[in-house]
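Thanks for coming. I have one structure to go through today, and I will keep it short. Please have a look at it first.

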Amino acid sequence: MTGLRLSVAISLALLAGVVAAETKDVNLVQETQQFEQGGKVAIVVGVESYNQRLNGFRPLNYAKDDAEQVAAVLKSLGYQVELLVDSQASPNVILNRIRQKGRLPGIQNGTMLFYFSGHGFAVGNDNFLAAWDAVAEDLQDSGLGISRVVDAIRSTQVRRAVLLVDACRNDPRPGSKGGSDSYADVDTGEGVQILYSTRFGDVSWEHDDFQQGVFSHFLVQGLTGQGVQNGFVTFNSLANYVESEVAKWTDRKMSQTQQPFRRTDGDVQGDFLLARFGDAAPQPVPQPPQPAPAAVETAPPARKSFEPEMVIVPGGTFTMGCDGARDDVEGGCQNDEKPAHQVTLDAFKLAQTEVTVAQFRQFVEKTGYKTTAETEGSCWSLDEKNSWSDVKGNSWRQLGYQQTDNDPVACVSWNDANAYIDWLKKETGKPYRLPTEAEWEYAARGGKGGAYPWGQQGSAGCGYANMADQTAKEKFPNWLIADCNDGYIYTAPVGKFQPNGYGLYDMHGNVWEWVQDRWHDDYKGAPVDGGFWESGDSAARVLRGGSWSLTPRRVRSAYRFNSPPGPRSRTFGFRLASGQ
């Protein structure tokens, strides 16, 4: 069985030395010393589990396998490898990793490799990567252009770049016109070389015989020995091997030729050194149907079934609170969102989704824990007259509306959330906690510059957030609502809407999320390092994100709410955080 593959596998190698293939007096000893003394880092990305309903891209078969095999090869070649898969691979995360790794001490004359496997396409004069949250209907805005990848590299201290692109290079939009490699490419400039898996307008294939992309299969072979020339793997020796083998195999096996295309910089005086084979030559990666290689050292550790999927949120600096030009929309900011202030955070992990009913039930069944609502016999809910009141008998088990196991748990207090976390830490030995308020807002913004991660209009957010909308209006005709339809009156199963730029779901709407911080009436004296704000006299704790019952104004990224740690509502839930 064959499969058309709109995949991208990009390798960017930023090299310490250049091996001049066209001159005989090249000092390979010096070049090799520079290469081996410089740092070698690799960022390897695989996106496979696309949601066709949300993204418009079908899932792929082997993108993660490709990424894992390339990562294992690079590790054996002496590269420090970081692996990003699926929800971790948003455009902002990818670009941040390039900038961070390209500014490490000792990398100025070192090597960086960036590999991306996922859907890809060509539009105009650029080629795009379909990162985790790309949308097929909005390719140029939501896709990650290779030109942006190159710009990120040029902002670092590295010296040379090689891009290996395993990607379809056609334009999938109806009515699009063809082109040629003379224009459908980025301007590489000096110090950049690119090997595409196919020519412009053509497709790239994955195949069950390899359980890989065809290009990536021969790429791995080339890096593990077949591309060696006089003990070295250079860009040209690797490209010569891959170009020849991909074209021959697809022509013979599939009766259609996939022809890789090579583009070099405008000032190439020699070849780029990628690897040296000597006494410590790397071991070839086992090929399918053998098991895929073990995860590299930076891959997420194995997790238990009841643990959340965690997303690495890159560190950075942002403006927290109400920045008038950015946040004063949909009725305006509140005084407790001021003053706006700069906060700088280290990288941290945040759960991809809110804690679900099923996850919370496992905690209760294993411990016999009784929530505050259960011990006190009530939860703040809508009563029979659709008025908010303390409804007897309501708890996380019975909210007055139907939930699935994959809905966010609700009617939990701040105390309940921390009891769950204490249990999970003991079960797993991992430092789970509630996020700080600064971490929450930074993550919720998703690396974007608007009042919402989707822009400035709240009513444009029904594809991203479950809030009071036209669906709710049918049940609650007096409610103020967003002028859109998200399809849910009450809670929605987690992950039903589009993620933000960091690959996080439901940061806005669905249920309020408890954070660790103590409540303050404004941000005067707030921490600027993203840490917990524990000082103060208030017993109340902070909730963020809004819920299914609220208008767009109250699900803005800057909006804040508070409650004492004991009270609970059928709109209160939580998500987990941990250190990097």
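**Helix 12, a sheet, and confidence**

I start with helix 12, residues 414-428, in what is a predicted model. At 1.5 Å a residue its 15 residues should span 21 Å, and the end C-alpha atoms are 21 Å apart, so the two values agree.

Which residues of helix 12 are buried? They are Trp414, Asp416, Ala417, Asn418, Tyr420, Ile421, Trp423, Leu424 and Thr428. What do these buried residues pack against? Two of the partners are helices, namely helix 10 (357-367) and helix 11 (372-376), and the others are strand 22 (512-518) and strand 23 (541-544). Just after helix 12 comes Gly429, with a positive phi of about 75 degrees.

Next, the sheet. It is open and has three strands, in the order 16-19-26, with antiparallel pairing. Strand 16 (310-313) and strand 26 (577-579) are the edges, each pairing on one side only. On average, neighbouring strands here are turned by 30 degrees against each other, direction ignored.

Strand 16 is joined to strand 19, residues 348-351, by four bridges. Within that pair, Val311 stands opposite Leu350 of strand 19. Helix 13, residues 437-445, lies across strand 16, strand 19 and strand 26, and runs at about 75 degrees to strand 19.

Finally, confidence. The chain has an average pLDDT of 81, and 83% of the residues score at least 70. Residues 1-27 stay under 50, though the model has 128 contacts for them beyond four places in sequence. Residues 279-301 are also below 50, with 38 contacts beyond near neighbours in sequence. Where pLDDT is low, the predicted coordinates should not be read in detail.

Definitions and conventions. Residues are numbered from 1 along each chain as its sequence is written. This is a predicted model: local features need pLDDT of at least 70, side-chain atom pairs count only at pLDDT 80 or more; totals for chains, interfaces and linings use all residues. Side-chain values use heavy atoms; hydrogens and water are left out. Two strands pair if DSSP finds at least two bridges between them. Axes are lines fitted to C-alpha atoms, for helices over the stretch in contact, and angles run from 0 to 180 degrees between N-to-C directions. Contact means heavy atoms within 4.5 Å. pLDDT is the predictor's confidence in each residue, from 0 to 100. The expected span of a helix is 1.5 Å times one less than its number of residues. Buried means under 20% relative accessible area, exposed over 50%, partly exposed in between (1.4 Å probe, protein chains only).
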